Structure formats: structure tokens, C-alpha cells
Amino acid sequence: MRSSFWLVQIEANVVEADDLRRQLAEYDENLCGTKLSPSERALFTRRRKEIYEALHPETRHGAIGNGREKSGQDGHSTERFTADTAGKTGQSERVVRRDATRGERVSEDAMEVMRGTSADKGVVLDRLAAAPSWLPSLARSFGVTLMLLLHRLETLQQHHAGNLLGECLAVFRGHLEYPTLGVGL
């Protein structure tokens, strides 16, 4: 009996890179080569943006102007984060901006809780990103998840004609007893 082994040649590029550039390459590979959930895309895009801006501080929002040198004046022009990421991942700049916004505004803890659940959807991330900054503290004070609190607040908004934001703030600050809102968490 004869056994034969097939050797397959593959092309490989070995690149020397510092830690930040290595991480950037890993995020690029993850963002373009795999099927990621919306929370994973947001997290990887946020992390990629942090690294990109550490390597290219001139691309940060507001880094040009107020007497600082404009990009490209020294003969080197660094692409803005969205253009660079879009070019490397095959996504549109609009999608990159949306994922970066989600990643910046939704906490890593919230995305970790969502990962792998039916709540791991872009629309849910957008709702969380648009939520007031005090909402996670309110959720913790009631001992519920942020997602449950958002759902309850939406239910209140649909069934309650009062000033929802004002009443939520009053509850949060302890000026109103929660049961007056009429819906239990």
C-alpha cells in the first residue's frame, strides 16, 4: 500500500511591522475577510480607528486648522480614516462611518452582552448609540439590562402622553417614585 502526500504551495508575504501596524493589519483582515455581526464590526472599526489615529494624529477630527499645518502641505497626504478603511475592506465610507459611530457610542460591555444574541442587529446598536448618556446608570439603578430599559422606555413613549424624558430624569434623580410611570420594569 502506498501513501502519498500532496504538498501545496501557497504564496505568502512576510512583513515586518510594529505592534500598532500589526494590529491594524489584523483588523483589516477581520473587517474584510469574515462574516461579522454588527457589534463585532462596530468594535473592530472602533479599535481600528483608535490605532489609525494613533499612527496618523493629523487625521483626527479637528486636528487641522487653528494655525496647524494642513494635510498634504509637506508633500505627504494621509487619507482620512474612513477612506483608508473603505479602501482596505471593500466597504463604503458611509458604512465605515456608521460602524465607527456605533463603536464609539455603544459601550464595549453592551456589545459583549449583545454578541451572539438576537439583539445583535444594527438597528439595536443605533438605538443604543442614540440613547442619552445617563441611560446606562438608570438601567443599573433598576437592576435591569440597558436593552430591557430601552424597550420599556419605548413602551412608555407609545402609551404615555407626558414628558417621558422629564419623568425619566425625575426618576433617575429620585424626585418621583417609579410606579407613577405606570409600567413596571
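Which residue just after α3 takes a positive phi? Keep that question in mind as we walk through this predicted model; we will reach the answer at the end of α3.

**The whole chain**

Start with a cartoon view of everything. You should find 9 helices and 0 strands, so to speak a run of α-α-α-α-α-α-α-α-α from the N terminus on. Of the 185 residues, 35% count as buried. Switch on a surface if you like: the accessible area comes to about 12600 Å², and carbon and sulfur atoms account for 51% of that. Among contacts between residues at least 6 apart in sequence, 50% join residues at least 24 apart.

**Stop one: helix α3**

Select residues 81-89, helix α3. Of its 9 residues, 7 are buried, so the helix is largely enclosed by the rest of the structure. Show side chains for the buried set: Phe-81, Thr-82, Ala-83, Asp-84, Thr-85, Ala-86 and Thr-89. Now add α1 (19-33), α2 and α4, which are included in what covers those buried residues.

Zoom in on Ala-86, a residue of α3. Its relative accessible area is 12%, and because that is under the 20% cut-off for buried residues, Ala-86 counts as buried. Leaving aside neighbours within four places in sequence, Ala-86 touches Gln-91, Ser-92, Glu-93 and Val-96. For a distance label, pick the C-alpha atoms of Ala-86 and Cys-32: they are 9.6 Å apart in space, with the two positions 54 residues apart in sequence.

Then step just past the helix to Gly-90. Here is the answer to the opening question: Gly-90 takes a positive phi of about 80 degrees.

**Stop two: where α2 meets α4**

Select α2 (residues 38-55) together with α4 (residues 93-105). Their axes come within 7 Å and cross at roughly 90 degrees. That makes α2 roughly perpendicular to α4. On the α2 side, show Pro-38, Arg-41, Ala-42, Thr-45, Arg-46 and Lys-49; they meet Val-96, Asp-99, Ala-100, Arg-102, Gly-103 and Glu-104 of α4.

Stay in α2 and select Glu-53. What is the nearest side chain of opposite charge to this residue? Lys-49 is, at 4.1 Å, and Glu-53 is buried yet has no salt bridge. Beyond its neighbours within four places in sequence, Glu-53 is in contact with Thr-59 and Arg-60.

**Stop three: charged pairs**

A search of the whole structure finds 16 salt bridges, and a few are good places to pause.

- In α1, select Glu-26 and Arg-22, which lie 4 residues apart, about one turn of the helix. Their closest N and O atoms are 2.4 Å apart in a salt bridge. Glu-26 is partly exposed at 39% relative accessibility, and Arg-22 is partly exposed at 36%.
- Next, pick Glu-93 and Arg-80, a salt bridge with closest N and O atoms 3.0 Å apart. Glu-93 lies in α4 and Arg-80 in the loop between α2 and α3, so the pair ties together parts that are 13 residues apart in sequence. Glu-93 is partly exposed at 25%, as is Arg-80 at 49%.
- Move on to Arg-115 and Glu-112, bridged at 2.8 Å between the closest N and O atoms. Arg-115 is partly exposed at 27%, and Glu-112 is partly exposed at 47%.

Finish by selecting Arg-41, Arg-98, Asp-99, Arg-102 and Asp-126 together: these residues are linked in a network of salt bridges. Arg-41, Asp-99 and Arg-102 also appear among the residues where α2 and α4 meet.

Conventions. Residues are numbered from 1 along each chain as its sequence is written. This is a predicted model: local features need pLDDT of at least 70, side-chain atom pairs count only at pLDDT 80 or more; totals for chains, interfaces and linings use all residues. Side-chain values use heavy atoms; hydrogens and water are left out. Helices (H or I, at least four residues) and strands (E, at least two) are DSSP runs, numbered from the N terminus. Buried means under 20% relative accessible area, exposed over 50%, partly exposed in between (1.4 Å probe, protein chains only). Lys and Arg count as positive and Asp and Glu as negative; His and the chain ends are not counted. A salt bridge is a side-chain nitrogen of Lys or Arg within 4 Å of a carboxyl oxygen of Asp or Glu. Contact means heavy atoms within 4.5 Å. Accessible areas come from the Shrake-Rupley method with a 1.4 Å probe; for residues, only the protein chains shown count as cover. Axes are lines fitted to C-alpha atoms, for helices over the stretch in contact, and angles run from 0 to 180 degrees between N-to-C directions. Angles under 35 degrees count as roughly parallel, over 145 as roughly antiparallel, 65 to 115 as roughly perpendicular and the rest as oblique.
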